[in-house]
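Student: Please take one helix and look at it closely. I want the packing, the ring geometry and the charge pairs, with cut-offs stated.

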Number of protein chains: 2
Amino acid sequence: MSRMRRALFISLICLLAGTAAAAGGKGSPLDADEQAIRAADATLLAAAAAKNVERIASFYAEDCAVLWPDSPPRMGRQGARDAWSEAFKEPSISVTWHTEQVVVARSGDLAYSRGYYDETYDENGRAMHAHGKFLLVWKKQSNGAWRVAVDVDNPDGPAQPTRP
Amino acid sequence: MSRMRRALFISLICLLAGTAAAAGGKGSPLDADEQAIRAADATLLAAAAAKNVERIASFYAEDCAVLWPDSPPRMGRQGARDAWSEAFKEPSISVTWHTEQVVVARSGDLAYSRGYYDETYDENGRAMHAHGKFLLVWKKQSNGAWRVAVDVDNPDGPAQPTRP
């Protein structure tokens with residue numbers, strides 16, 4: 001290859017790379033990130049259903065912030081461990097959620113998921129139900145795994161008895 | 001300029017552009033985004049202090065989600081308008097907040113800010129105070145302005161009288 005052709009070839013590759021970077025990976029890389037977050041979210045949900053605190057905490061970033069109602073912020077993975085352990089102190093509690101939306105930054109390093117949660121538990125022998133919304137901020141770690149950086153939620157209103 | 005030199009020149013420019021894209025603007029562009037968000041946040045705070053609902057709503061993205069406690073999600077800029085109007089129905093209410101952290105995606109299109117809020121209001125002639133934490137997701141709009149895409153908060157505990 002002549003030097004000029006080589007230079008043109010390099011130009012073309014760089015131009016394509018630049019265009020791809022400018023497009024922000026709007027094609028499959030972004031979809032791959034959303035899929036990876038949805039997969040992590042599904043595994044986290046399963047760990048919450050199994051009340052496996054260590055497994056749950058492993059989905060939180062080391063420097064995470066857990067911002068749950070009626071408590072000061074709990075910081076770091078230990079904060080996540082504490083928050084979930086405290087929730088599971090009530091043995092009747094059951095938590096589930098539905099993720100409605102996942103939005104990923106073009107750079108694929110930051111994202112959020114937003115959705116709804118349902119909690120049921122017994123209070124003085126009465127089955128109670130709380131419904132609310134949540135937001136999780138996700139950060140891609142240096143190993144490529146998505147982890148929760150911020151976890152925040154609140155209820156739509158006071159918990160209600162499941163039966164009148 | 002010879003064709004070869006021109007090709008080499010284009011290569012160099014593309015390479016520089018690619019490198020800058022790969023670095024994700026970790027230098028001044030990111031700082032500029034953080035500064036722009038902090039400036040928007042400060043103006044939003046001033047609009048909240050002035051109880052100027054239209055001005056407040058102008059800082060929310062058209063497709064925003066307002067996730068406040070004790071209410072279902074309020075969607076869109078009209079949802080933001082409704083949420084703030086409802087809060088200001090209580091004439092004694094005063095809201096302020098302190099933004100502790102701003103994190104911007106490398107691509108400069110998505111960010112979040114996290115901090116603490118304080119609310120005071122009168123309840124049956126008694127001055128009350130509520131303290132909590134918030135998270136705002138910011139999205140850069142097509143005109144380059146940062147707007148709130150998600151607004152979520154919750155209290156650290158029940159509101160307390162400011163005097164025992």
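Tutor: What follows is a close look at helix α4, first in chain A and then in chain B.

This is a predicted model, with local features needing pLDDT of at least 70, side-chain atom pairs counted only at pLDDT 80 or more, and totals for chains, interfaces and linings using all residues. Residues are numbered from 1 along each chain as written, chains are lettered from A and ligands numbered from 1 in written order, and side-chain values use heavy atoms, without hydrogens or water.

Start with the length. Helices are DSSP runs of H or I with at least four residues, strands are runs of E with at least two, and both are numbered from the N terminus. The expected span of a helix is 1.5 Å times one less than its number of residues. For the 13 residues of α4(A) that gives 18 Å, and the end C-alpha atoms are 19 Å apart, which agrees.

Next, burial. Buried means under 20% relative accessible area, exposed over 50%, and partly exposed in between, with a 1.4 Å probe and protein chains only. The buried residues of α4(A) are A:Gly76, A:Gly79, A:Ala80, A:Ala83, A:Trp84 and A:Phe88. A:Trp84 has 6% relative accessibility. A:Phe88 has 14%.

Now the rings. Rings of Phe, Tyr and Trp (its six-membered ring) pair if their centres lie within 6.5 Å; planes under 30 degrees apart are stacked, over 60 edge-to-face, and the rest tilted. The structure holds six such pairs over all chains. In one of them, A:Trp68 and A:Trp84 have ring centres 5.0 Å apart and planes at 80 degrees, so the pair is edge-to-face. A:Trp68 sits in the loop between β1 (60-67) and β2 (74-75) of chain A, and A:Trp84 in α4 (residues 76-88), so the pair ties together parts 16 residues apart in sequence. A:Trp68 is buried too, at 12%. A:Trp84 and A:Phe88 have centres 5.6 Å apart and planes at 40 degrees, so that pair is tilted. These two are four residues apart in the helix, about one helical turn. Ring pairs link A:Trp68, A:Trp84 and A:Phe88 into a cluster.

A:Trp84 also has contacts (heavy atoms within 4.5 Å). Leaving aside neighbours within four places in sequence, its partners are A:Ala48, A:Val53, A:Ile56, A:Tyr60, A:Trp68, A:Trp97 and A:Asp151. A nonpolar core is a set of buried Ala, Val, Leu, Ile, Met, Phe, Trp, Tyr and Cys residues joined through side-chain atoms within 4.5 Å. In the largest core, of 32 residues, A:Trp84 is among the five that touch the most other members, with A:Ile56, A:Tyr60, A:Trp97 and A:Trp138.

Turn to chain B for the charges. There, α4 also has 13 residues and reaches 19 Å. A salt bridge is a side-chain nitrogen of Lys or Arg within 4 Å of a carboxyl oxygen of Asp or Glu. B:Glu54 and B:Arg81 form one at 2.8 Å, N to O. B:Glu54 lies in α3 (residues 53-57) and B:Arg81 in α4 of chain B, so the bridge ties together parts 27 residues apart in sequence. B:Glu54 is partly exposed at 47%, and B:Arg81 is partly exposed at 21%. B:Arg74 and B:Glu86 form another, at 3.0 Å. B:Arg74 lies in strand β2 (residues 74-75) and B:Glu86 in α4 of chain B, so this pair joins parts 12 residues apart in sequence. B:Arg74 is buried at 14%, whereas B:Glu86 is partly exposed at 47%.
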